[in-house]
Amino acid sequence: MISVIQKKNRKFKEINYYQNHDVSNYFLLPFRFQKINSKTEILVNEVGDFLLVPVGTAEQIILKKLDKIKDEDLYLDLISNFFISEEVIPPLLNILEARYRTKKSFLDHFTALHIFVISLRCEHTCHYCQVSRVTENKDEFDMSLYHIDEGIKIMMHSPNPHITMEFQGGEALLAFNNIKYAVLKAKEEALLYEKHMTFVICTNLAPLTDDMLPFIKEHNIMISSSLDGPAFIHNQNRHRPQRNSYEVTIEGLNKCRAILGEDNISALLTTTNLSLDYPTEIVEEYVKQGFSNIFLRPISPYGFATYNEKKNKYQTEKFLTFYKSAFEKIIDYNKKGYYIREDYATVILKKILTSFPVGYVDLQSPAGMINNVIVFNYDGKIYASDEARMLAEMNDFTFQLGILGQSTYNEIFYGKKAMEIAENWTNESLAGCSECAFQSYCGADPVLNHATQGNMYGYRPTNVFCQKNMEIIRYLFDLMEDKSIEKIFRSWITGHSE
Amino acid sequence: MILKTKGSPYDINTPIIGRVTRIPENIEYEIFISETIFSKTWYKFKAVLSTVKIISSLEIPIIHSIEKLDHLDEGDIVIINTDGIINTIYRKNSDHNFLLFTERCNSNCLMCSQPPKDRDDTDYFFSQYSQAIPLIPKDCPEIGITGGEPTLLGNRFLKLIKQLKEELPETELHCLTNGRSFAWENVAQKVGEIDHKRLMLAVPLYADVYHIHDYIVQAKDAFNQTIQGIYNLAKYGQRIEIRIVLHKQTIPRLAKLAKFIYKNLPFVEHIAFMGLEHEGYTSFNIDKLWIDPVEYQQELTEAVSYLSDFGMNVSIYNAQLCTLPENLWKYSRKSISDWKNIYFDECNKCDLLDQCGGMFASGIKKHSDFIKAIYFS
Ligand code: SF4
Ligand code: SF4
């Protein structure tokens, strides 16, 4: 394969000599394609590299009508990007293999995120929340120390050397003593099992008191809070008797920033019907509060979850309109020099523009549930994902995997239920997705399929997950035709501008 | 810069390697430079170099009647050959030392600055360097390894790298290689086993498609071997730099090459875009290569900012700042070895003279038509 050291003669040869001439025909490598607007179609190969080409090009390629001389640029682009090959087995096939392995390597270590629903109690009565309870009854609605211990045992069983333990509610801080217990216990066990721990508390910040902060700081616990927009939206979304949720949140945010540091506190947006009318105001609020990121999350369909196709479709359309208006505002800020990125788009853009593995629980294939996340509910029940727990609160226990203290690790992670879900969590093998050009940027969501369409497999033409992702991905490609926006996107990926 | 001189050999049967000194007391050095007549101290050295003509028979290897020895400083390492030629291997007061491992090469690049020779010099160079390496000062900051293609030394290449690691653990090693030998996985593996953290393998890549790269390096299958080689090196944890020479053949697909690198080789540590040097083959192939740098700035800007936007470490070498758009200045490095580096008359008027990389001395032959002093005022 490698030529001998001694050169026969060192006379220079022309470029033709180095071209492969016996190709009367080229061979197709696996790729998918799709029209993204009236002029352009996209070709995407097996590792997510794409080419934007005029509509009709895919057909030319597939019918082998491409001419190496006449269509030289395109022909070379296709060779260089692993779309076609001049040999049956491409000479650099093993590079493609390595890249595929890399792309999927987010699976290598198995479950990282372990969510402990430490208490179901809350002092808010948000109307969109189906879950929490306003009550003083700790015995019934806080996770018991026994379940915490059992949860930690399972967590330490994970083959992943990096473990995230996340405390959710209800309002997690209402059970701060149990959090303390859990953190100390987990740290102790982590030493034994050689795990690197990250801790997160999800909280609306209302119950945060000064005496909690030293512990949070000492153990490098990240705070994930909520900010739904300006006061009139936030307070409307988040009912408190005093109608001061916004004020309390902002005060808490600032306190956390001052004491824990900017990087240890983040905020999540919950989109509600009300929010949909105020995309600009919401983005402005995030900028006003000094955030450099915002996560435009879709309305949780578990509230309206019905099998009503029309209603689901309508809701998703409304969300997409909201998403785009907010997104335009975000781009505007970036163009003016204020760095703020949209997190959902950033996940997708990383998949589109880089060759690194991007494991993001809500948008990956195989899906994040079980593979990357597991949920231990306050009552000891184990669910495949946070959404699976929501379903259970509505008395649908399809995604319950076991019970803490009773089920073994194998029963939970490799049991019959897990296997059944696994049949449906890989978009490579779902009808509609299997030939979709966006497959490698997208994911699979058996829980959402089940909740909105009545089965885990789902039916793509009317699927809300598909409707949302297909449009957002298409939209991102559309925007990237503007080179200055593409440059902004790159800065989102690396996390720094210039 | 003189790296070679000649005199009349006396009693030299085999090449002698050593550090030179003019101080007779400096007996830990091997070779004495004398500008006077014989003295007894000569016997304390392995050999003597002299500008004076010496006739009497002394039992010591001598090269005499050398025209000039001014270029040699205390501690420089030289090799004295049987034919009276004295080559400088290492200059103590330079930051640009390189060890030429062989003049043989399995490629034949259109713009090669050091055209390969086909005679087998590998024994000669191996023996030269295995003796010279222990003599190099331990605080030497950086050494380049060049060729030809250094890996053609085969196992002896590995031995020299290992020796460099042992003798000079703190010295950065920058090895220019076309990477093709590493397409054999076991070769990459063996370099990996040496585990030298300061070794950087600098591999040229000229296109994202095989035939253009193969044409530029004048070797069939070179592209596939080089890519395979880079992958194997990465697999065994080696540090890699990619080098791209800017000329008429590389410019048209430059942005696509940048994308190819980021997509397929994102693990490389550094990417250097390099202006053309007018040495060796370049003049012969100038029609195939020359494009005024001013004409390729759009392509260069696209490639450089693409890689840099994604956080890759990018440099531009051998470029005159007046030919680069201002937003590329920060990537430009003064990279030309001291003795090859020149500036133009125009440069004396230029406010950027201090930051500018200037020109290869050979650039006098052909350079951009747009060299123009830049003024800040
Ligand atoms: S869900 Fe829709 S957009 Fe996503 S891969 Fe499947 S078909 Fe494509
Ligand atoms: S005039 Fe000379 S010093 Fe100034 S930028 Fe041009 S080449 Fe450099």
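**Cavities and a ligand shell**

The largest cavity here has a volume of about 220 Å³, where a cavity is a set of points, on a 1 Å grid over the protein atoms alone, at which a 1.4 Å probe fits but cannot get out, and where the volume is the space filled by probe spheres set on the points, which are joined across faces, edges and corners. Of the 17 residues lining this cavity, those closest to its centre are A:Lys103, A:Lys104, A:Ser365, A:Glu428 and A:Ser440; a lining residue has an atom within 4 Å of a point.

Please keep in mind that this is a predicted model, in which local features need pLDDT of at least 70, side-chain atom pairs count only at pLDDT 80 or more, and totals for chains, interfaces and linings use all residues. Residues are numbered from 1 along each chain as its sequence is written, chains are lettered from A and ligands numbered from 1 in the order in which they are written, and side-chain values use heavy atoms, with hydrogens and water left out.

How many cavities of 30 Å³ or more does the structure hold? There are 6, and the second largest has a volume of about 190 Å³. Its lining has 25 residues, with B:Gly275, B:Leu276, B:Pro293, B:Tyr296 and B:Asn318 nearest its centre.

Let me end with ligand 1, whose surrounding residues, each with a heavy atom within 4 Å of the ligand, include A:Cys433, A:Cys436, A:Cys442 and A:Cys466, and also A:Arg460, A:Phe465 and A:Met470.

Definitions and conventions:
1 Å grid on protein atoms, 1.4 Å probe; cavity = no way out; pocket = protein on both sides within 12 Å on 5 of 7 lines; lining within 4 Å.
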